[in-house]
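Dear colleague,

I am handing over the structure we spoke of, and below it you will find what came out of going through it. Please read the notes with the model open beside them.

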Amino acid sequence: MSPNKNHLNALIECLEIPSISSSPKHKLELEHCAKWLQSFCKEHQFEKCEIIKTNGHPIVYFKHGQNPNKPTVLIYGHYDVQPEDPVDLWNSPPFSPTIKNNFIYARGASDNKGQFMCHLLAIAELIKSNAELPVNIIGLIEGEEEIGSPNLAPFIKEHQDKLNADLVLISDTPMFAKEQPSICTSLRGLVYVKFTIKSAETDAHSGQHGGLAPNAIIDCAQLLSKLKNEAGIIQIPGLYDDVESLSNDKKNTLNELPYSKENYCKTLGLKSTYGEETNHPYERLWYRPSLDIHGIEGGFNGEGSKTVIPKECSAAFSIRLVANQKSEHVKEQVTQFLLDNCPAHCEITINHHHSAEPVSISENAFGIATAKKALNTVFKKAPVLHGEGGSIPVVETFQKELGLNSILVGLNFQDDNIHAPNERFCLTQFEKGVEFSKEFLLNIEKESNV
Ligand code: BES
Ligand code: MN
């Protein structure tokens with residue numbers, strides 16, 4: 001399938017905007033991207049499109065059709081992207097979309113601009129075809145997903161009247177495998193923590209003071225190393241209390257999905273996998289908590305050498321949560337653990353960043369059957385149901401506040417480098433994504449009538 005020029009041009013324009021939500025430096029770029037989306041909707045005759053200001057980055061809200069006898073599909077996406085660094089590792093500039101071997105390379109190509117644009121382009125085409133749409137459409141494209149959607153939940157709670165829908169359609173997860181269309185029915189949650197350990201008021205000469213003065217980096221490293229044992233089991237007391245063991249049924253479905261350790265290791269360049277070896281790899285990725293350290297900062301590691309005892313050290317880590325775990329409770333457990341294990345001669349400051357709740361979606365939810373059919377039509381292969389280990393904070397908000405299930409149909413490949421250098425999106429997937437979205441929107445009415 002060769003890419004449609006209009007589709008591609010729209011995607012390129014959107015990818016050129018560096019809408020990085022995590023740094024205040026890019027505030028105007030986020031506004032620019034929201035405006036770009038609004039003009040896209042206007043140009044393609046969406047009935048209504050507004051930019052909604054928040055305490056953070058704006059939300060783009062659009063609407064097309066309001067026939068009470070038709071089902072309403074709420075489309076969610078996020079126009080914010082992750083930072084591009086380390087920029088030296090990109091083969092082309094992250095905000096100059098570059099096409100190579102049928103892939104478009106740019107920050108946000110898969111996560112999430114390329115994917116939500118499939119839905120916007122599908123709607124634009126359906127409107128252009130002049131046929132009366134069998135559905136009403138509402139769109140919510142936010143600018144803060146990558147920082148935990150802090151302003152979206154309050155908006156949803158306050159404006160339920162604007163969000164009267166029957167289901168949510170989201171493409172913000174990867175497809176299970178190349179040539180294997182899929183629907184994702186579970187996402188992990190997240191608790192993200194930063195802390196700083198301080199062991200002195202000043203840095204000191206390590207010869208003059210080593211042996212008597214504590215070293216903040218060693219204290220920090222020892223504290224971090226207590227988070228997990230050598231087998232990869234998280235050591236925070238009570239952390240696994242709410243984790244349910246998988247039913248045999250569920251285990252069997254995992255065994256039916258293809259998995260190759262060799263291929264997995266190859267994609268990431270691993271010598272081996274690590275962790276709870278007795279559990280199925282997909283159970284470890286989707287249905288077990290995990291803990292990872294993201295960064296450690298402190299002391300001196302520049303060119304040359306410096307014999308110093310650093311006075312402080314900070315670290316960032318996060319825990320992925322699974323069904324039944326609650327982020328608030330896990331935050332308390334983490335805080336207690338850090339306080340209990342911080343050496344007495346140090347001061348610790350703990351900062352909880354964003355969090356997300358885990359979610360699971362019933363395989364009988366409204367929309368799953370239509371998504372299966374539409375995927376089958378477009379990809380010529382029956383889709384599988386799978387879980388994913390990443391998080392999308394709003395999915396649980398939709399469930400809790402609006403009682404709506406999200407149909408998560410991933411379109412990008414597992415190795416499209418999201419959050420990493422050389423993020424990309426396959427142009428064939430892009431075109432198939434537009435086709436899928438049209439099929440879904442044209443057929444959802446039938447499912448609501450049975
Ligand atoms: N698109 C991802 C979520 C995702 C990635 C789901 C891979 C499944 C597999 C999303 O944009 C994302 O990165 N979410 C953050 C959420 C966080 C900032 C609250 C994540 O998972 O780290
Ligand atoms: Mn992301």
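Ser-186 touches Trp-286, Tyr-287, Val-359, Ser-360, His-386, Gly-387 and Glu-388, leaving aside residues up to four places away in sequence. Please keep in mind throughout that this is a predicted model. Ser-186 belongs to strand 8, which covers residues 182-187, and because its relative accessible area is 5%, under the 20% limit, Ser-186 counts as buried.

Turning to the metal site, the manganese ion (ligand 2) is coordinated by Asp-111 through OD, by Glu-146 through OE, listed twice, and by His-419 through NE2, at 2.0 to 2.6 Å. The arrangement is irregular, because the 6 donor atoms around the manganese ion subtend angles of 54 to 154°. Along the sequence, the donor residues follow the spacing D-x34-E-x272-H. Glu-146, in the loop between strand 6 (136-142) and helix 4 (152-158), and His-419, in the loop between strand 17 (406-408) and strand 18 (424-426), are 273 residues apart, and the pair thus links distant parts of the chain. The two also differ in burial class: Glu-146 counts as buried because its relative accessibility is 13%, whereas His-419, with a relative accessible area of 41%, is partly exposed.

Ligand 1 is surrounded by 18 residues, of which the closest are Glu-145, Asp-172, Arg-320, Ser-391 and His-419. Asp-111, a donor to the manganese ion, has a side-chain N or O atom 2.8 Å from an oxygen atom of ligand 1. His-419, likewise a donor to the manganese ion, has a polar side-chain atom 2.8 Å from an oxygen atom of ligand 1. For Asp-172, the partner of the polar side-chain atom is a nitrogen atom of ligand 1, and the distance is 2.8 Å.

As for the packing of the interior, the largest nonpolar core comprises 88 residues, and Met-117, Leu-140 and Phe-440 are those with the most contacts inside it. Helix 3 (residues 109-128) supplies the largest share of this core, namely 11 residues. Apart from the largest core lies another, of 24 residues, which includes Ile-197, Ile-236, Cys-313 and Ile-319. Met-117 itself touches Ala-10, Leu-11, Trp-36, Leu-37, Phe-40 and Phe-430, again without counting residues up to four places away in sequence.

With best wishes

Methods. Residues are numbered from 1 along each chain as its sequence is written. Chains are lettered from A and ligands numbered from 1 in the order in which they are written. This is a predicted model: local features need pLDDT of at least 70, side-chain atom pairs count only at pLDDT 80 or more; totals for chains, interfaces and linings use all residues. Side-chain values use heavy atoms; hydrogens and water are left out. A nonpolar core is a set of buried Ala, Val, Leu, Ile, Met, Phe, Trp, Tyr and Cys residues joined through side-chain atoms within 4.5 Å. Buried means under 20% relative accessible area, exposed over 50%, partly exposed in between (1.4 Å probe, protein chains only). Helices (H or I, at least four residues) and strands (E, at least two) are DSSP runs, numbered from the N terminus. Contact means heavy atoms within 4.5 Å. Donors are N, O and S atoms within 2.8 Å of the metal (3.2 Å for Na, K and Ca); water is not among the atoms, so sites may look incomplete. Four donors count as tetrahedral if all angles lie between 85 and 135 degrees; four count as square planar and six as octahedral if opposite donors are over 155 degrees apart and all others between 65 and 115; anything else is irregular. A residue is near a molecule or strand if one of its heavy atoms lies within 4 Å of it. A polar contact is a pair of N or O atoms within 3.5 Å; within protein, one must be able to donate a hydrogen and the other to accept it, and residues adjacent in sequence count only if both atoms are side-chain atoms.
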